[in-house]
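Here is a model to work through by question and answer. Please look at the fold and its side chains first.

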Amino acid sequence: MTTTPRRTRGIRLALTGALLAGLTLLTTAGPALADDPSASASPTGDEAGPTEAGTTFRTATALKQGQSGTAQASAGDYLYWVFPADAGQRPTVEATVKLPESAARRGTSTWQVDVYDGLRRRQACMYGHQTRKAAADAATVELSCVLRPVRAWSEPWANDPLPGSYYIRLTVVDLPAADLGLPVDVEVKTSIKELGGGHDGGGSLTEPLVPGVSVASAGETGDGPASAAPRTLATGEPEDGWASGWWTDRWLWTAGGGVLAALAAVFGYSLTRGRGRPAHVPPGV
């Protein structure tokens, strides 16, 4: 059986479409791997973290993404840290409290870690051990909170996590009165997981929810007082800067889908148009 030129062209188009489909999948495999629990986007720099904690939201100690912080405090203190999180990221907060010697304690204690966004709205944990009770003879207590993925925008009435500063508050919520003021050592750690375009919802905020950003923006645009200070944010921002809001890896899926649809249309046309005029039929018949 001989292969006609038309059929050869159809086979060639099919092979080309399969090749482009494979390239598209390889291109989009990177964001897909971001959903793997073993994949982490947290930096592992050698820079030492802070050795103190704030006692209010306004005095919260700044942490970088993936950075650890330590502090020496007294049981009953409220300890605060703050770190940045951007759209498409899922933050995780871990805290370890080293308790005093059991001989100095009078009973059990209950510790809790809370996370608040830039509007100081308490954010619910997807999972983790946000509150834990420490027995009278326990040496340490470990807490964790995995937040929901940060969205690029949200409705005003919603409580969705948004790009900006996130505050960590660690304290003891139940403690014998005789144990108040005992010294404790605390370590907190933040980690960020990149989730990719599967969690993008479109849209973006004008500015991230960072304290002082509105005043700084007004000074930059000339709407504020002439003496407005240059924009400096004590709480920092992600190493790569805040997301621009328009780019997402969904563009890759869209472009790849368009290419595959065009190839499928050409291939389908080549199959349905027929073989044309038989060779033995003269033109015009």
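Q: Is Arg-122 buried, partly exposed or exposed?
A: This is a predicted model, and the accessibility is computed from it. Arg-122 has a relative accessible area of 40%. Buried means under 20% and exposed means over 50%. Arg-122 is therefore partly exposed.

Q: Which residue forms a salt bridge with Arg-122, and is that residue buried or exposed?
A: The closest N and O atoms of the pair are 3.0 Å apart. The partner of Arg-122 is Asp-114. Its relative accessibility is 2%, and the cut-off for buried is under 20%. So the answer is Asp-114, and Asp-114 is buried.

Q: Which residues are linked with Asp-114 in a network of salt bridges?
A: Asp-114 and Arg-122 form a salt bridge. The network holds Asp-114 and two arginines. They are Arg-122 and Arg-169.

Q: What is the bridge partner of Tyr-80 in strand 9?
A: Strand 3 and strand 9 pair over 7 bridges. The sense of the pairing is antiparallel. Tyr-80 lies in strand 3. Its bridge partner in strand 9 is Arg-169.

Q: How many salt bridges does the structure hold?
A: The pair of Asp-114 and Arg-122 is a salt bridge. Asp-160 also forms one with Arg-148. The count comes to 5.

Q: How many residues apart in sequence are the parts that Asp-160 and Arg-148 tie together?
A: The closest N and O atoms of this salt bridge are 3.7 Å apart. Asp-160 is buried at 18%, whereas Arg-148 is partly exposed at 27%. Both residues lie in the loop between strand 8 and strand 9, so the pair ties together parts whose separation in sequence is 12 residues.

Q: Which residue meets Asp-160 in a salt bridge at 3.5 Å, N to O?
A: Asp-160 has a salt bridge to Arg-148 at 3.7 Å. The bridge at 3.5 Å has another arginine as its partner. That residue is partly exposed, with a relative accessible area of 30%. The partner is Arg-151.

Q: Are the rings of Phe-57 and Tyr-80 stacked, tilted or edge-to-face?
A: The ring centres are 4.9 Å apart. The planes stand at 55 degrees. Stacked needs under 30 degrees and edge-to-face over 60. So the pair is tilted.

Q: How far apart in sequence are the parts that Phe-57 and Tyr-80 tie together?
A: Phe-57 lies in the loop between helix 1 (5-33) and strand 1 (61-62). Tyr-80 lies in strand 3. Phe-57 is buried at 18%, and Tyr-80 is buried at 6%. The parts tied together are 23 residues apart.

Q: What is the geometry of the aromatic pair of Phe-57 and Tyr-116?
A: The centre to centre value is 5.2 Å. The angle between the planes is 90 degrees. Edge-to-face needs over 60, so the pair is edge-to-face.

Q: Which element holds Tyr-116, the partner of Phe-57?
A: Both Phe-57 and Tyr-116 are buried. The pair ties together parts that are 59 residues apart in sequence. Phe-57 is in the loop between helix 1 and strand 1. Tyr-116 is in strand 5.

Q: Which residue joins Phe-57, Tyr-80 and Tyr-116 in one aromatic cluster?
A: The structure holds 4 aromatic pairs. Phe-57 pairs with Tyr-80, and Phe-57 pairs with Tyr-116. The residue that completes the cluster is Tyr-167.

Q: Which strands stand at the edges of the open sheet?
A: The sheet has 5 strands in the order 1-3-9-5-7, with mixed pairing. An edge strand here has a single partner strand, so one side is left without a neighbour in the sheet. The edges are strand 1 and strand 7 (131-134).

Q: Is Thr-110 buried or exposed?
A: Thr-110 lies in strand 5. Beyond its sequence neighbours within four places, its contacts include Thr-131, Arg-132, Val-172 and Val-173. Its relative accessible area is 10%, and the limit is under 20%. Thr-110 is therefore buried.

Q: How many residues are in the largest nonpolar core?
A: Trp-81, Phe-83, Val-97, Trp-111, Leu-170 and Val-186 touch the most other members. Val-97 touches Trp-111, Leu-170 and Val-186, among others. Elements that give two or more residues include strand 4 (89-98) and strand 10 (183-194). The number of residues in this core is 32.

Terms used: Residues numbered from 1 in each chain as written. Predicted model: local features only at pLDDT ≥ 70, side-chain atom pairs only at ≥ 80, totals over all residues. Heavy atoms only, no water. Core = buried A, V, L, I, M, F, W, Y, C linked by side-chain atoms within 4.5 Å. Buried < 20%, exposed > 50% of the residue type's maximum accessible area, 1.4 Å probe, protein only. Helix = DSSP H or I, 4+ residues; strand = E, 2+ residues; numbered from the N terminus. Contact = heavy atoms within 4.5 Å. Salt bridge = Lys/Arg side-chain N within 4 Å of Asp/Glu carboxyl O. Phe/Tyr/Trp six-rings, centres within 6.5 Å; stacked < 30°, edge-to-face > 60°. Pairing = 2+ DSSP bridges.
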